[in-house]
Amino acid sequence: MGERRYRSASGAPVALRRRQHSASCRELAVRCPRLQLRSLSAVTSAVWLAAYGLFVLSQNSMVLSAAIFITLFGLIIYLHFVKVDQESLLVIGSLGIQVTSSYASGRESTAFIEMGQVKDVVINEAIHMQKVIYYLCILLQDPGDPQGVSEVVPLFQGGGLLGWWISVWKSAVW
Amino acid sequence: MVLKVFFPSCCSSAESGILIGRWISEQNSAVILAVVHFPFIPVQVKQYLSEVQRVTKVSVSVLGSWSNSKQEKEESLSEFLGDLGTIFSHEPWIQISKEGDSKFWSCSTLQKHSNNPKEEEIILVYYDQRKVMLSHLHPPLATATSTDHKADDASKLSAVFDTVAKSKILFMTDRYDDGPIKLTHWQSDGVEASIIVELMKQASVPVCMLLTFLLSLISGICRSRVLKFWPLSFLWSKLSTCEQLGHRLQHLQVISSNKKAQNQTQLMRKANIFVSLLIDVALGILLMSWLYRKNRIGHLADTLIPVADHIAEELQDLLQWLMGVPAGLKMNRALDQVLGRFFLYHIHLWISYIHLMSPFIEMILWYVGLSACLGLTVALCILSDIIALLTFHIYCFYVYGARLYCLKIYGLSSLWRLFRGKKWNVLQQRVDSCSYDLDQLRLLVVIVQGLIHLLVDLIDSLPLYSIILRLCRSYRLAAGVKFRVLEQQDGKPLRLLMQINPLSYGSVIQTYRLPTYSCYPKDSWTSLCKKLFLGELIYPWKHKGEKQD
């Protein structure tokens, strides 16, 4: 049980919480950094300044209303589809693994993978621009080929966790 | 291995009794379907279960005992329930007991012939029986297309869903029946039925028979030899209205067939076609009611002739310009005059034909507009056909010009080495510029027709019933399940709530799309432009599966 704080690959603070519900059921939740007020106000002011500049050039007030609509819709779409608030992994022994992402607008998207389909859980390295990031992913069994892998499901999209504490956490899970 | 017990949430407040359900030994899980209450005669219970097993082909058996005591735990009752384990022998014998209003139940198993004395862990999963019974679990789209999916690889959850869905007959008896067995399940408070649904079921049989008879008549007429002569059959195959009508006729035949749908896909297809037809006809009638008000047909007919005249005048001006000295270029006068006069005569013929028809246009439009009640798609196809007919002369010019241009290009490309320099394509320039202006007009017509056919295709293939089902009764289309961990207490089994995870809208559309014919130009816009430049003909009515000319 308990919560620990770490830094993600992009430098933002990330909190990890581990819970053990019973002998065969564990839950890990990663809380991603929240939406910063200063970045929100920066983007909004930039859009509105650009719209005001266009308005001064074209003298058409539709530009201003269009800018307001774009800002509102963009914010709603960002909060509903893009901004991940918390990701959790629920491991139920002999039933399966459940991956839940909850977004900033409250939407939750869940995927349950049965134990029979899981081949292995691995840590993958990825080279992103100039740094190497590590991420955890689940390998799914190919029904036709016992040695093959049909799909790779990456977990914890919101963070970009550093390698060393993933190995600590992996030892805690398995 | 961990023992999983799937318990229906409707039985949480049931009286004490014994649990019946299915034991899936390879997954070490028990799916509980109902609770049988005291008093009962064990022989009758066994008889009833074998009867149910025979009808549903699901191996239903007595799995354990359930005790719900409002007051303190009674020792005698627990002994009695333990003795029941010897009457209904089942390995392992599951005992679930609930004290008072406590949320945390105690669950234990009795293993008589167990090899390992180790106490195994028990997980209690609650599920909503009605939703799981009505739901259809969709396999992931990747595995749905692979053909070598073995039966023994079937997922555990689909076994649970199957068990509940096939045991419908178990849920048909409620507490008001006077049988020897008293059950508790989701329908035990009274079997649900809707009088409207029953009436519609009774009425649908004669309606289907009538519809089948009418459709066989119509298809017999369509297939008669009178309509098969060459000019007529060519015309029918080229008009998109006839294709769309044939398509809808096929749909009606699917709906009115007497055979019950065998599986989920066929049922959904029938339902989708029915809803799609209904909405199509409703929109068509709406369009008709709008069109026939305030004499809009008259206005439409009045504007049609001047527009055709205007186009013809523009074309005539263009030809006169080309026959003269276009942009200061010196042309081959003889060929100019021949081709120009040929095209001018075409336009003259076309305009006289339209003027001849002008008193009848309004009446024709009025009667043709009535066919909009067959559906919005039919109305759109008629519009597309009218555009095609009115611009037919443009298509003729385009064909002549394109063929000549094509010939020139081939001839010139082979003689390019010989005819370099001064003696170069005077004729090609003339046909070229004529072709360019016509090409723009042709492109416009092709774009408009393409958009109309795209819209018709979209309306045809959208599975409306599935989308409405996903919106209103999302548990019926399941992509999977999700588990929620409920409050725990030490020493008690793990409690999970199983809920249904509905299919996403994209997967709904992809799984249940209705197949369509496609009548729009199936080339992409880049290949279209390439064809224009090289002079290959663009056929507006290329069907899927027809070989290229």
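Helices and strands here are DSSP runs, a helix having at least four residues and a strand at least two, numbered from the N terminus. With that convention, chain B has 17 helices and 11 strands. Please keep in mind that this is a predicted model.

I'll stay with chain B for a moment. Of its 549 residues, 40% are buried. The area that chain B exposes comes to about 31500 Å², and 63% of that is supplied by carbon and sulfur atoms. If you take the contacts in chain B between residues at least 6 apart in sequence, 74% of them join residues at least 24 apart.

Next, the contact between the chains. Chain A puts in 17 residues and chain B puts in 19. Together the two chains bury about 1600 Å², with 60% of it on carbon and sulfur atoms. On the chain A side, the residues that lose the most area to chain B are A:Ser94, A:Leu95 and A:Glu114, which together account for 32% of what that side buries.

What holds for charge pairing across this contact, in salt bridges between chain A and chain B? The count is 0. There are, however, 5 residue pairs in polar contact between the two chains, counting pairs with both residues at pLDDT 80 or more. Three strands of chain A each give two or more residues to the side that touches chain B: E2 (13-22), E4 (84-92) and E6 (108-114). E6(A) gives the most, with 3 residues. By class, that side of chain A has 8 nonpolar, 8 polar and 1 charged residues.

Now the salt bridges. Over all chains the structure holds 5. In chain A, A:Arg34 and A:Asp85 pair at 3.2 Å, N to O. A:Arg34 sits in the loop between strand E3 (25-31) and helix H1 (37-58), and A:Asp85 sits in strand E4, 51 residues apart. A:Arg34 counts as exposed, at 52% relative accessibility, because the cut-off for exposed is over 50%. A:Asp85, at 23%, is partly exposed.

In chain B, B:Glu51 and B:Arg54 form a salt bridge at 2.7 Å, N to O. Both lie in helix H1 (residues 42-56), 3 residues apart, about one turn of the helix. B:Glu51 is partly exposed at 41%, and B:Arg54 is exposed at 54%.

The last pair is B:Asp280 with B:Arg248, with the closest N and O atoms 2.7 Å apart. B:Asp280 is in helix H9 (residues 264-291) and B:Arg248 in helix H8 (residues 240-255), 32 residues apart. Buried or exposed, then, for B:Asp280? Its relative accessible area is 2%, so B:Asp280 is buried. B:Arg248 is buried too, at 5%. B:Asp460 joins these two in a network of salt bridges.

Terms used. Residues numbered from 1 in each chain as written. Chains lettered and ligands numbered in written order. Predicted model: local features only at pLDDT ≥ 70, side-chain atom pairs only at ≥ 80, totals over all residues. Heavy atoms only, no water. Contact = heavy atoms within 4.5 Å. Buried area = accessible area lost by both parts, 1.4 Å probe. Salt bridge = Lys/Arg side-chain N within 4 Å of Asp/Glu carboxyl O. Polar contact = N/O pair within 3.5 Å; in protein donor to acceptor, adjacent residues only side chain to side chain. Nonpolar A, V, L, I, M, F, W, Y, C, P; charged D, E, K, R; others polar. Buried < 20%, exposed > 50% of the residue type's maximum accessible area, 1.4 Å probe, protein only. Areas by Shrake-Rupley, 256 points an atom, 1.4 Å probe, with all protein chains shown as cover.
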